[in-house]
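Biologist: Got a minute to go through this one with me? Pull it up and let's chat.

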Amino acid sequence: MKKPIILFGGGGHCRSSIDVIEQENKFAIQGIVDIPDKIGEKIMGYTIIACDEDLLDLIQEYEYFFVTLGHLGNPTRRIQIFNLLKQLKVKIPTIISPLAYISKYSSINEGTIVMHNAIINAGAKIGRNCIINTKALIEHDVIIKDHCHISTGAIVNGGVVIGDRSFYGSSAVSKQNTIIPNDSFIKANSTIK
């Protein structure tokens, strides 16, 4: 039986996340939390049922929550919501597309979503509250720390370490064993040496 879940954030990343959640088929989306003006609107058939102020009521009824806000260069809001959910002691799952390849020798932490056709190879370690976007390639022994976004088609080569809160743009490529500092912003199509 699918577990009821509430999504937090109703923009474009929410749409992509809904598709992955439906494909994974482990959770039944009960509604979305967004700004007060959007309550009652629907996103892909799911209703925006609440805003931030309603969270204490929602945790009385629901056990599972997931952050579906994107990370467009600034992860602050995603981090705030994730930390708030942690303080409230709700369950924040890891969501993995069945169309992704995940090595059994890798690890992926809570609150992270792995989108369609992403590849995570042996020895890779993915932190909490990350987005591993469509067709991203995470090679062997990569460490991606908390609150990072690895964008569509990005290639993170073996042994790379990506620091907390970093954004790694679409189709960017890193040389193996590179260390990318916390709070980095890697532009789309960049080569990191």
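Modeller: Sure. Before we start on the strands: two strands pair if DSSP finds at least two bridges between them. And keep in mind that this is a predicted model.

Biologist: OK, so how do β3 and β4 pair?

Modeller: Antiparallel, over two bridges, with β3 covering residues 42-43. I43 has Y46 as its bridge partner in β4.

Biologist: Which residue in that hairpin takes a positive phi?

Modeller: M44, with phi near 50°. The hairpin has two residues between its strands.

Biologist: And how does β2 run relative to β4, parallel or antiparallel?

Modeller: Parallel, and two bridges join them. V33 is matched with A50 of β4 there.

Biologist: Switching topic: what's the strand order in the open sheet?

Modeller: β8-β11-β14-β17-β20, five strands with parallel pairing. At the edges sit β8 (107-108) and β20 (179-180), and each pairs on one side only.

Biologist: How many bridges link β8 and β11?

Modeller: Two, in the parallel sense, with β11 spanning residues 125-126. S107 has K125 of β11 as its bridge partner.

Biologist: Now the cores. Which residues have the most contacts inside the largest one?

Modeller: L7, I18, I32, L58, F65 and L85, in a nonpolar core of 32 residues. Elements giving two or more residues to this core include β1 (3-8), α1 (12-24), β2 (27-33) and α3 (76-87). There is also a second, separate core of 23 residues, with A100, I132, C148 and A172 among them.

Biologist: What does F65 touch further along the sequence?

Modeller: Beyond four places in sequence, F65 contacts I5, I6, L55, L58, I59, L85, V90, K91, I92 and P93.

Biologist: I59 is in that list. Why is I59 called partly exposed rather than buried?

Modeller: Because its relative accessible area is 21%, and buried means under 20%. I59 sits in helix α2 (residues 55-61). Apart from neighbours within four places, I59 is in contact with F65, L88 and V90.

Biologist: How far is I59 from V142 in space?

Modeller: 35 Å, C-alpha to C-alpha, with their positions 83 residues apart in sequence.

Biologist: Last one, D164. Where is D164 found?

Modeller: In the loop between β17 (161-162) and β18 (167-168). D164 is buried yet has no salt bridge.

Biologist: What's the nearest side chain of opposite charge to D164?

Modeller: R165, 4.2 Å away. A salt bridge needs the nitrogen within 4 Å of a carboxyl oxygen. Not counting residues up to four places away, D164 touches K145, D146, C148, N182 and D183.

Conventions. Residues are numbered from 1 along each chain as its sequence is written. This is a predicted model: local features need pLDDT of at least 70, side-chain atom pairs count only at pLDDT 80 or more; totals for chains, interfaces and linings use all residues. Side-chain values use heavy atoms; hydrogens and water are left out. Helices (H or I, at least four residues) and strands (E, at least two) are DSSP runs, numbered from the N terminus. Buried means under 20% relative accessible area, exposed over 50%, partly exposed in between (1.4 Å probe, protein chains only). Lys and Arg count as positive and Asp and Glu as negative; His and the chain ends are not counted. Contact means heavy atoms within 4.5 Å. A nonpolar core is a set of buried Ala, Val, Leu, Ile, Met, Phe, Trp, Tyr and Cys residues joined through side-chain atoms within 4.5 Å.
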